[in-house]
Amino acid sequence: MRYKLVRTNKQQIHAELYPNPARDVVNVKVAQPATITLYDLHGRIVLDQPLTIGQNSINIPDTAKFSVLLYRIEGDGWLKSGKLVIYD
């Protein structure tokens, strides 16, 4: 499968994740159905959840508090990834 790199300086952005850093909830806005996966720094999956078109609110699991997570948002033919800081 081929992926299109999502860049913030392009006119079309497929996914937005905010706020970052976050506390209990992170919002993910997508233009098409997608999946978000959160990983801890050991590579373990903390959360794997489908996303619907528009804004999605994701509750951060208690086990992920006070940490840095890696996120991966994957849609049809595109992928966005980065780090997410969780604080209390």
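**Group meeting: strands, core and loops**

Hi everyone, let me start with one pair of residues: Ser67 stands opposite Ile86, and Ile86 belongs to β8. That pair sits in a predicted model, so please keep the confidence values in mind as we go. I'll come back to β8 in a moment.

First, the overall picture. The protein chain has 0 helices and 8 strands. Read from the N terminus, the order of elements is β-β-β-β-β-β-β-β, which makes for an easy slide. Of the 88 residues in the protein chain, 33% count as buried. The accessible surface of the protein chain is about 5,700 Å², and carbon and sulfur atoms account for 49% of that. If we look at contacts between residues at least 6 apart in sequence, 50% of them join residues at least 24 apart.

Now, how far can we trust it? The mean pLDDT of the protein chain is 89, with 85% of residues at 70 or more. Where is confidence lowest, and where is it highest? The low end is strand β1, residues 4-5, with a mean of 56, and the high end is β4, with 98. Where pLDDT is low, the predicted coordinates should not be read in detail. I'll say no more about β1, then.

Let's go back to where we began. β7 and β8 form an antiparallel pair with 9 bridges. Their hairpin has 2 residues between the strands, and there Gly77 takes a positive phi near 90°.

Next comes an open sheet. It has 3 strands in the order β2-β3-β6, and the pairing is antiparallel. Why is one side of β2 and of β6 left without a neighbour in the sheet? Both strands, β2 at 15-18 and β6 at 54-59, stand at the edges and have a single partner strand each, so one side of each is without a neighbour there. On average, neighbouring strands in this sheet are turned by 20° against each other, ignoring direction. As a reminder, strands of a sheet pair through backbone hydrogen bonds, either parallel or antiparallel.

We can walk across that sheet pair by pair. β2 and β3 are antiparallel over 4 bridges, and Tyr18 stands opposite Asn27 of β3. A hairpin of 6 residues links β2 to β3. On the other side, β3, residues 25-30, pairs with β6 over 6 bridges, again in the antiparallel sense. In that pairing, Val25 stands opposite Asn59 of β6, while the bridge partner of Val28 in β6 is Asn56.

The β2-β3 loop deserves a closer look if you care about torsions. Pro19 lies in this loop, and the peptide bond from Tyr18 to Pro19 is cis, with omega near -10°. Pro21 lies in the loop between β2 and β3 too, and Asn20 is joined to Pro21 by a cis peptide bond with omega of about 15°. Most residues other than glycine have a negative phi, and most peptide bonds are trans. That brings me to Phe66: this residue is not a glycine, yet has a positive phi of about 55°. Phe66 is in the loop between β6 and β7. Is Phe66 buried or exposed? Phe66 is exposed, because its relative accessible area is 62%, over the 50% cut-off.

Finally, the inside. The largest nonpolar core has 20 residues, and those touching the most other members are Ile36, Ile73 and Leu84. Two or more residues each come from β2, β3, β4 (34-39), β5 (45-51), β7 (67-75) and β8 (78-86). In soluble globular proteins, nonpolar side chains tend to be buried together. Take Ile73: beyond its neighbours within four places in sequence, the contacts of Ile73 include Ala15, Leu17, Val28, Ile36, Leu51 and Trp78.

My last residue is Leu38, in strand β4. Leu38 counts as buried because its relative accessibility is 0%, under the 20% cut-off. Setting aside neighbours within four places in sequence, Leu38 has contacts that include Val46, Leu47, Ile60, Leu69, Tyr71 and Leu84. And what is the C-alpha to C-alpha distance between Leu38 and Ser81? The two are 9.7 Å apart in space, and 43 residues apart in sequence.

That's it from me. Thanks for listening!

Notes. Residues numbered from 1 in each chain as written. Predicted model: local features only at pLDDT ≥ 70, side-chain atom pairs only at ≥ 80, totals over all residues. Heavy atoms only, no water. Pairing = 2+ DSSP bridges. Axes fitted to C-alpha atoms, helices over the stretch in contact; angles between N-to-C directions. Core = buried A, V, L, I, M, F, W, Y, C linked by side-chain atoms within 4.5 Å. Buried < 20%, exposed > 50% of the residue type's maximum accessible area, 1.4 Å probe, protein only. Contact = heavy atoms within 4.5 Å. Areas by Shrake-Rupley, 256 points an atom, 1.4 Å probe, with all protein chains shown as cover. pLDDT = per-residue confidence, 0-100.
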